[in-house]
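Here are my notes on the model, set out point by point. Please read them with the structure open.

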Amino acid sequence: MSQDVVAENLAVVDAHFRSEASNEIDRALDLYTDDIVWEAPARQLVLHGKHAAGENYRKMFGSMANVKITPLRRFGMADCVVDDSIATFTLSGDGVANAPLRRGANVELRVLHIFEMRDRRIARETVSETWCDLSAAAATQPSPERIMQLGLGFWGAKTLLSAVELGLFTELAKGPLSGPVLASRLGLHARSSRDFLDALVALGTLERQGDVYRNTPETNLFLDRNKPSYTGGVLEMANARLYGFWGGLTEALRTGRPQNEAKQGENFFQVLYSDPHRLAEFLQAMTGLSLATANAIAQKFPWQRYRTFVDIGCAQGGTPVQIALAHSHLSGGGYDLPIVAPIFERYVESFGLSDRVRFHSGDFFTDPLPTADVLLMGHILHDWNLEEKQRLIAKAHAALPPGGALVIFEGLIDDDRRQNAFGLLMSLNMLIETPGGFDYTGADCSAWMRAAGFRDTWVEHLIGPDSMVVGIK
């Protein structure tokens with residue numbers, strides 16, 4: 001009789017574990033007594049009743065991904081069953097109450113279950129746990145993984161760039177589509193379309209349920225060509241131009257010479273500015289890229305102290321518009337080459353700001369800069385060599401009234417030149433694109449401002465890789 005009870009107890013526990021493994025929580029709970037006590041002493045957790053145990057299970061299992069169980073041993077007695085096992089999983093959420101490790105940890109968990117049995121049901125489950133952070137353990141051993149991910153990072157980059165070129169995200173912005181239908185609309189060959197789409201899922205730029213694909217919230221907002229928030233124009237330019245030009249980085253590092261159209265005696269920007277339609281598309285792309293930074297400047301700079309401003313090298317006018325929208329007391333403008341004027345004015349008019357924001361025409365190297373309380377230069381200085389940078393700062397100082405401010409914003413390199421990889425890589429991009437341009441630190445820019453006569457300077461982070469340097473005359 002005793003052996004029959006032991007066998008029945010083992011069968012109950014086995015059914016309990018199988019229900020857990022298949023995420024059949026209610027079936028697992030059916031194998032508890034109504035007055036079940038569930039406890040995990042290491043996490044100072046004691047639960048009473050099926051409802052509390054069930055809530056704990058749902059939260060706990062919902063926070064564990066890539067679960068693998070390795071049984072070690074199990075034995076039973078007339079009144080209890082003991083199970084020893086190792087679980088490995090990724091802690092993907094915060095539902096494991098009092099977990100000793102953070103979300104994202106790869107965990108190895110040694111688990112000793114003691115099931116106290118009553119009438120062929122589990123009356124008490126005591127879980128003794130030993131947690132090990134495999135991520136931390138792995139970090140102590142050198143691995144080539146990060147090197148390989150970085151070295152082959154162009155795989156993922158080109159996959160995204162091709163998706164933008166194909167208009168994939170714009171197509172999905174109309175609604176989710178099955179893989180075959182999406183491939184047909186984009187003109188993709190059957191051999192690789194599934195791998196292409198699923199690679200975008202793995203890269204976090206698409207979502208998939210079954211065979212149906214949809215944009216993520218980010219790609220739906222920023223990579224739909226029909227939305228004003230579209231930032232893909234910059235990626236289109238990167239795909240059409242920069243991706244190939246960066247293949248010449250080694251030559252550029254050895255020669256110090258640009259690797260873009262200049263190698264064939266062409267000038268990309270001269271061609272661009274001679275075509276109003278292409279220029280409008282390019283400037284719209286620049287606006288999409290800098291919109292978040294413009295909003296940050298509108299919020300973080302002390303605009304209440306000033307009345308007027310002009311953005312030097314204003315492009316379509318994204319920064320002046322955001323500042324004017326945020327501060328109704330300000331009058332402002334943008335300064336750029338004459339061909340930009342109609343593009344700027346149409347953009348400003350679309351926001352109903354034509355009476356407060358106007359265009360100033362000129363070349364900032366050969367013509368005087370307009371006067372205003374505040375002058376801004378965004379993503380401008382890095383195009384030029386040191387002497388040209390200093391000349392532009394000096395011209396801004398001359399144009400400002402006493403107490404006026406110059407605001408320079410870029411993807412500034414951190415002063416220790418260790419952290420802002422975007423700023424450092426952008427400086428290499430200037431090597432590819434310009435004869436003498438380079439990016440710089442906040443300390444560099446502050447020193448140039450002081451040399452030009454600015455009495456006070458400060459550096460302030462804006463958003464993402466961008467920061468601003470402010471000089472007060």
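1. Gly-76 stands opposite Val-81 in strand 4. This is a predicted model, so treat every value below as computed from it. The two strands here are strand 3 and strand 4, joined by ten bridges and running antiparallel. A hairpin of three residues makes the connection between strand 3 and strand 4.

2. Strand 4 has a second partner. Eleven bridges tie strand 4 to strand 5, again in antiparallel fashion. Within that pairing, Ser-85 stands opposite Val-111 in strand 5. How much of strand 4 is buried? Ten of its twelve residues are, which leaves the strand mostly covered. As background, strands of a sheet pair through backbone hydrogen bonds, either parallel or antiparallel.

3. Next, the nonpolar cores. The largest one holds 30 residues. Tyr-32, Trp-38 and Phe-89 have the most contacts inside it. Eight elements need checking on screen, since each gives two or more residues to this core: helix 1 (2–21), helix 2 (25–30), strand 1 (32–40), strand 2 (45–48), helix 3 (50–61), strand 4 (80–91), strand 5 (106–118) and strand 6 (121–133). Strand 5 gives the largest share, five residues. In general, nonpolar side chains tend to be buried together in soluble globular proteins.

4. Take Tyr-32 from that core. Which residues does Tyr-32 touch, not counting those up to four places away in sequence? The list is His-16, Trp-38, Lys-50, Ala-53, Tyr-57, Arg-121, Ile-122 and Glu-125. Apart from the largest core lies another, of 25 residues. Among its members are Tyr-335, Leu-406, Leu-412 and Val-469.

5. Now the second largest pocket. Its volume is about 650 Å³. It is lined by 28 residues, and the closest to its centre are Phe-17, Glu-20, Phe-61, Val-67 and Ile-69. Helix 1, helix 3, strand 3 (64–76), strand 4, strand 5 and strand 6 each give two or more residues to the lining. What is the class make-up of that lining? There are 17 nonpolar, three polar and eight charged residues.

6. Strand 10 covers residues 308–312, and four of its five residues are buried. Five bridges link strand 10 to strand 11 (residues 331–336), and the two run parallel. One pair to look up is Asp-311 with its bridge partner Gly-334 in strand 11.

7. Follow the chain on from strand 10. Ala-315 sits in the loop between strand 10 and helix 15. Its phi is positive, about 55°, although Ala-315 is not a glycine. Ala-315 has a relative accessible area of 16%, so it counts as buried. Helix 15 (residues 318–326) comes after that loop. Seven of the nine residues of helix 15 are buried, so the rest of the structure largely encloses this helix. The buried ones are Gly-318, Thr-319, Pro-320, Val-321, Gln-322, Ile-323 and Ala-324.

8. Gln-44 also has a positive phi of about 55° and is not a glycine. Gln-44 lies in the loop between strand 1 and strand 2. Is Gln-44 buried or exposed? With a relative accessible area of 73%, Gln-44 is exposed, because the cut-off for that class is over 50%.

9. Thr-441 is placed in the loop between helix 18 (421–433) and helix 19 (442–452). Its relative accessibility is 4%, so Thr-441 counts as buried. The cut-off for that class is under 20%. Leaving aside neighbours within four places in sequence, Thr-441 is in contact with Leu-412, Ile-413, Asp-414, Asp-415 and Arg-417. Leu-412 is also one of the residues of the 25-residue core.

10. Last, a three-stranded open sheet. Its strand order is 7-9-8, with antiparallel pairing. Strand 7 (177–178) and strand 8 (206–209) are the edge strands. Each has a single partner strand, so one side of each is left without a neighbour in the sheet. Strand 8 and strand 9 (residues 212–215) are joined by four bridges and run antiparallel. Across that pair, Glu-207 stands opposite Arg-214 in strand 9.

Terms used. Residues are numbered from 1 along each chain as its sequence is written. This is a predicted model: local features need pLDDT of at least 70, side-chain atom pairs count only at pLDDT 80 or more; totals for chains, interfaces and linings use all residues. Side-chain values use heavy atoms; hydrogens and water are left out. A nonpolar core is a set of buried Ala, Val, Leu, Ile, Met, Phe, Trp, Tyr and Cys residues joined through side-chain atoms within 4.5 Å. Buried means under 20% relative accessible area, exposed over 50%, partly exposed in between (1.4 Å probe, protein chains only). Contact means heavy atoms within 4.5 Å. On a 1 Å grid over the protein atoms alone, a cavity is a set of points where a 1.4 Å probe fits but cannot get out, and a pocket is an open set with protein on both sides within 12 Å along at least five of seven lines; lining residues have an atom within 4 Å of a point. Grid points are joined across faces, edges and corners, and a volume is the space filled by probe spheres set on the points. Ala, Val, Leu, Ile, Met, Phe, Trp, Tyr, Cys and Pro count as nonpolar, Asp, Glu, Lys and Arg as charged, and the others, Gly among them, as polar. Two strands pair if DSSP finds at least two bridges between them.
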